[in-house]
Amino acid sequence: MSGGDQSHPREWNDLPQSFRQERTDLEKAGIRSWEALRDLDDLQLSRLVRNGRSSPRNLNRLRGIATLVCEMDLAPQDAALLMHAGIASRRALADCTPEQLVRQTGRLQRSLGIARPGSVDLPMAKAWIQQARQLRN
């Protein structure tokens, strides 16, 4: 886990279908990596919404996922799980307890009917939280 930028930008591979329009608009704007998406400011996001068919909500979610992917070196699906479970930043992750993190992500997965058994277990939760706290300091 590097916890920071990598020497080579990480392109996104499998964005969920719910983000297909955002992906199209981002690629038209030349944004093809998690790092480039993370670095977009609010004005740039507004331009993308105005000039394309992206929703502001989805672009903000993608930027949050990109931030977790880049800062925490998480897999995109893990970052998306955290984002949708209400843990949208490294700071929010650092403020969690491992039990809380497992409970929140497990609840989300159950409500969505995801067949994958609890993908965030206590050891993983502890490691992510510890890394987030180290990066905070």
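Student: Hi! How much of the protein chain counts as buried?
Tutor: Good place to start, and keep in mind that this model is predicted. A residue is called buried when its relative accessible area is under 20%. Of the 137 residues of the protein chain, the share that counts as buried is 41%.

Student: What average pLDDT does the protein chain have, and over which residues is the pLDDT below 50?
Tutor: The chain averages a pLDDT of 86, and 88% of the residues score at least 70. One stretch falls below 50, although in the model it has 17 contacts beyond near neighbours in sequence. The average is 86, and the stretch below 50 is residues 1–8.

Student: Which elements make up the protein chain, and how many of each?
Tutor: Reading from the N terminus on, the elements run α-α-α-α-α-α-α-α. The count for the protein chain is therefore, with helices and strands taken as DSSP runs, eight helices and zero strands.

Student: What share of the contacts with a separation of 6 or more comes from residues 24 or more positions apart?
Tutor: A contact here means heavy atoms within 4.5 Å. Among the protein chain's contacts with a separation of 6 or more, the pairs 24 or more positions apart account for 54%.

Student: Now some examples. Is F19 buried or exposed? And which residues does F19 contact beyond its neighbours within four places?
Tutor: F19 lies in the segment before α1, which spans 20–28. At 4% relative accessibility, F19 counts as buried. The C-alpha atoms of F19 and N58 are 6.9 Å apart in space, with their positions 39 residues apart in sequence. Setting aside neighbours within four places, the contacts of F19 are N58, R61 and L62.

Student: What does R23 touch, not counting residues up to four places away in sequence?
Tutor: R23 is found in helix α1 and is partly exposed, because its relative accessible area is 23%. Its C-alpha atom is 9.2 Å from that of L59, a residue 36 residues apart in sequence. Beyond four places in sequence, R23 touches W12, N13 and L15.

Student: How do α4 and α5 cross: are they roughly parallel or oblique?
Tutor: Two packed helices are described by the angle between their axes and the distance between the axes. The axes of α4 (residues 56–72) and α5 (residues 76–84) come within 9 Å and cross at roughly 125°. That angle makes α4 oblique to α5. As for the sense of the crossing, it is right-handed, and the word for the arrangement is oblique.

Student: Which classes do the residues of the contact of α4 with α5 divide into?
Tutor: On the α4 side are R61, G64, I65, L68 and V69, which meet P76, A79, A80, L82, M83 and H84 in α5. By class, these residues divide into eight nonpolar, two polar and one charged.

Student: What is the phi of D73, and where does D73 lie?
Tutor: D73 is partly exposed, with a relative accessible area of 26%. Its place is the loop between α4 and α5. The phi of D73 is positive in a residue other than glycine, near 55°.

Student: What covers the buried residues of α5?
Tutor: The buried residues of α5 are D78, A79, A80, L81, L82 and M83. Just after the helix, α5 is followed by G86, whose phi is positive, near 95°. The cover over the buried residues includes α4, α6 (90–94), α7 and α8 (122–136).

Student: At roughly what angle do the axes of α7 and α8 cross?
Tutor: P98, E99, L101 and V102 in α7 meet L122, A125, K126, W128 and I129 in α8. This contact has seven nonpolar, no polar and two charged residues. The crossing is right-handed. The axes of α7 and α8 come within 8 Å and cross at roughly 115°.

Student: One last residue: how far apart are the C-alpha atoms of Q109 and S119?
Tutor: Q109 is found in helix α7, residues 98–112. Q109 counts as buried because its relative accessible area is 4%. Along the chain, Q109 and S119 are 10 residues apart, and their C-alpha atoms are separated by 8.9 Å.

Note on methods:
Residues are numbered from 1 along each chain as its sequence is written. This is a predicted model: local features need pLDDT of at least 70, side-chain atom pairs count only at pLDDT 80 or more; totals for chains, interfaces and linings use all residues. Side-chain values use heavy atoms; hydrogens and water are left out. Helices (H or I, at least four residues) and strands (E, at least two) are DSSP runs, numbered from the N terminus. Buried means under 20% relative accessible area, exposed over 50%, partly exposed in between (1.4 Å probe, protein chains only). Axes are lines fitted to C-alpha atoms, for helices over the stretch in contact, and angles run from 0 to 180 degrees between N-to-C directions. Angles under 35 degrees count as roughly parallel, over 145 as roughly antiparallel, 65 to 115 as roughly perpendicular and the rest as oblique. A crossing is left-handed if the near helix is turned anticlockwise from the far one by less than a right angle, and right-handed if clockwise. Ala, Val, Leu, Ile, Met, Phe, Trp, Tyr, Cys and Pro count as nonpolar, Asp, Glu, Lys and Arg as charged, and the others, Gly among them, as polar. pLDDT is the predictor's confidence in each residue, from 0 to 100.
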